[in-house]
Amino acid sequence: MRAVIAQLPASKIREVANAGLGRGDVLAFWFGESDEVTPSFVREAAAESLARGETFYAHNLGLPELREAIARYVSSMHREVPGARIAVTSSGVSGLMIAMQALAGAGEEVVVVVPVWPNLTAQPAILGAEVKRFALHVRDGAWQLDLPALLATVTERTRVLLVNAPNNPTGWTLTREEQRAILAHCRRTGTWIVADEVYERLWFGPGDGPCPAAPSFADIAEPEDRLVIAHSFSKSFLMTGWRLGWLVAPAELMDALGKLIEFNTSCAPVFVQRGGLAALAQAETFVPGLVARMRVCRDTLLPRLAALPEVTVAPPMGGMYAFFRVEGEDDSLAFAKRLVADGGLGLAPGAAFGGEAEGWLRWCFASRDPARLVQGVERLAGALRL
Ligand SMILES: Cc1ncc(COP(=O)(O)O)c(C=O)c1O
C-alpha cells in the first residue's frame, strides 16, 4: 500500500459515534446531515424512473436535461452559466476529488483554508500533492480570515487554492470583497481556485434577489477564470444518501472532467439524476422552507449554548453547524467521548477537522424537531456540572 494511504487518519467523528453504538439513548448531532427524510416528490421521481426501467449507463457529464436544469438554477442565483459548463457528479465529494485529479499532480502545492471538513485535505494528499494548511483564526469566538496572509501564502508555486465557504465546521463565510481579492490574486499567480460551496443555500445572512445564497465566486468570475465550484444535492435538498452533486468549471476543463468521471464512476445513476431534476424543479418552493426550519434550529441552539458560562460560540452565517469551545476542555476527542458516555450527547470533536480546531466541538443543528436541540443543551449543561 502507498505510505500516504496508510498514514491517512481514521475519522475521529466515527470514533466518537462508535463509542455510542448500540446506545439508543444518545442524542446524536455528530454527522453533517438532517434527520429529515428526502422530500417525497424527489423520491417519487426516482421511483418512477426505476419503474420505467432507467437502469443503464448514461452520459459521463450527466443527463443533458439535468445539466441544463442545473445551469438554470445556478444562473438564477449568479452570473449566467451554460449547461455545457456543468458536470454532474456522483456526490459533492466525488466532484471535489475529480476536480483535484484534474488540477493537482504529485508534488504540486495545494493551499487549503482550515479548519475544514477533513476530506478536503485528504483528497490532494491521496493524489500525492503537497498540502499547505492556511489557518483561520479566532476573534471574539468567531473564525476570521487574515486575507493579506492568505494572499502571501498563495504564490506562483500554488497550483490550487481550496476554500470551503460557508465553512464546515466553523460557519465562517467569505465576504464578496474577500472573494474579489482572492480571484484577482489567483489570476496573477495562475492558481486554480476550487470553491466548495455546497452550503451556499443554507445562508442566514442578508440576501439580495429572489434566491438568497451566500456570496459565491459564481457572482464575480468570468467564464474562462481558473475556477471550479463544487456543489451537492445533499444539504439543500436533504439528499445525503443519494450521492449527487455537480461542478461548475470553465469550458477548457470539461473534456478532462468527462474522462475522469468515466474512470471514477462512469456516470451518476439515471434514477438518481431524475431525483435531482425533480428537486431543482421545486427548488424555490422547497429550499426557502428548509432554510427557515434551519434558522429556527440555529436560533434555538445558539443562544442556549452561548448562555452556558463555560461556552464560547459565535452564530454561524451559513451552513448547519454550531462550532464552540468549552473552557478547560482542550482535548476534544476525549471530551466528545465523555459526553457520549456520561451525558448521552453525540457531538463531533474539533480535532476531526485538524489541529487548528482542537479544543472545539461541532454540533449539527439540522433537525426536524428543535426540541431535540433544547434537550441536547440540557444534557451538555448537566455534563458540565459533573
Ligand atoms: C464542506 C463539504 N463539502 C462537501 C461535502 C460533500 O457532500 P456530499 O458528498 O454528500 O455531496 C460535505 C459533506 O459533508 C461538506 O461538509
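This passage walks through the sheets, helices, ligand shell and some unusual backbone spots of a predicted model.

We can begin with the seven-stranded sheet. This open sheet has the strand order 2-10-9-8-7-3-4, and its pairing is mixed. Strand 2 (86–89) and strand 4 (130–135) stand at the edges; each has a single partner strand, so one side of each is left without a neighbour in the sheet. On average, neighbouring strands here are turned by 20° against each other, with direction ignored. As background, strands of a sheet pair through backbone hydrogen bonds, and the pairing may be parallel or antiparallel. At one end of this sheet, strand 2 pairs with strand 10 (residues 245–248) in the antiparallel sense over four bridges. Within that pair, alanine 87 stands opposite leucine 247 of strand 10. Helix 4 (residues 64–77) lies across strand 2 and strand 10, and runs at about 115° to strand 2.

Another open sheet is built from four strands in the order 11-12-15-14, with antiparallel pairing. Its edge strands are strand 11 and strand 14 (348–349), each of which pairs on one side only. Following the order across the sheet, strand 11 (residues 311–313) meets strand 12 in an antiparallel pair with three bridges, and valine 311 is placed opposite valine 326 of strand 12. Strand 12 then pairs with strand 15 (residues 360–364), again in the antiparallel sense, over five bridges; here arginine 325 faces tryptophan 360 of strand 15. Finally, strand 14 and strand 15 form an antiparallel pair over two bridges, in which alanine 348 has arginine 362 of strand 15 as its bridge partner.

Strand 12 deserves a second look. This strand covers residues 321–326, and six of its six residues are buried. In a regular strand, side chains alternate between the two faces of the sheet. In strand 12, Tyr321, Phe323 and Arg325 point one way, whereas Ala322, Phe324 and Val326 point the other way, and all are buried. Helix 11 (residues 283–306) lies across strand 11, strand 12 and strand 15, running at about 135° to strand 11.

Helices also pack against each other in this model. Helix 3 (residues 40–51) and helix 10 (residues 270–281) pack at an angle of about 145°, and their axes are 8 Å apart. Their crossing is right-handed. On the helix 3 side, the residues in contact are Phe41, Val42, Ala45, Ala46, Ser49 and Leu50, while among those they meet in helix 10 are Val270, Phe271, Arg274 and Leu277. Sorted by class, this contact has 11 nonpolar, two polar and one charged residues.

What kinds of residues form the shell around the ligand? By class, the shell has three nonpolar, nine polar and one charged residues. Of the 13 residues around the ligand, those that come nearest are Ser91, Gly92, Val93, Ser232 and Ser234.

Glycine 95 is part of helix 5 (residues 92–103). Is this glycine 95 buried or exposed? Glycine 95 counts as buried because 30 other C-beta atoms lie within 10 Å, and the cut-off for burial is 20 or more. Leaving aside neighbours within four places in sequence, glycine 95 is in contact with Thr89, Ala230, Gly245, Trp246 and Leu247. Glycine 359, by contrast, is 264 residues from glycine 95 in sequence and 31 Å from it in space, C-alpha to C-alpha.

A few backbone details round off the picture. Most residues other than glycine have a negative phi, and most peptide bonds are trans. The peptide bond from valine 114 to proline 115 is cis, with omega near 0°, and proline 115 sits in the loop between strand 3 (109–114) and helix 6 (119–126). Asparagine 168 and proline 169 are also joined by a cis peptide bond, with omega about 20°; proline 169 belongs to the loop between strand 7 (158–164) and helix 8 (176–189).

Positive phi values appear in loops as well. Aspartate 140, although not a glycine, has a positive phi of about 55° and lies in the loop between strand 5 (137–139) and strand 6 (142–144). Aspartate 140 is exposed, with 7 other C-beta atoms within 10 Å. Arginine 243 has a positive phi near 60°, in the loop between strand 9 (227–232) and strand 10. Arginine 243 is partly exposed, with 19 other C-beta atoms within 10 Å.

Methods:
Residues numbered from 1 in each chain as written. Predicted model: local features only at pLDDT ≥ 70, side-chain atom pairs only at ≥ 80, totals over all residues. Buried ≥ 20, exposed ≤ 12 C-beta atoms within 10 Å, placed from the backbone. Pairing = 2+ DSSP bridges. Axes fitted to C-alpha atoms, helices over the stretch in contact; angles between N-to-C directions. Left-handed = near helix turned anticlockwise from the far one by under 90°. Contact = placed C-beta atoms within 7 Å. Nonpolar A, V, L, I, M, F, W, Y, C, P; charged D, E, K, R; others polar. Near = placed C-beta within 6 Å.
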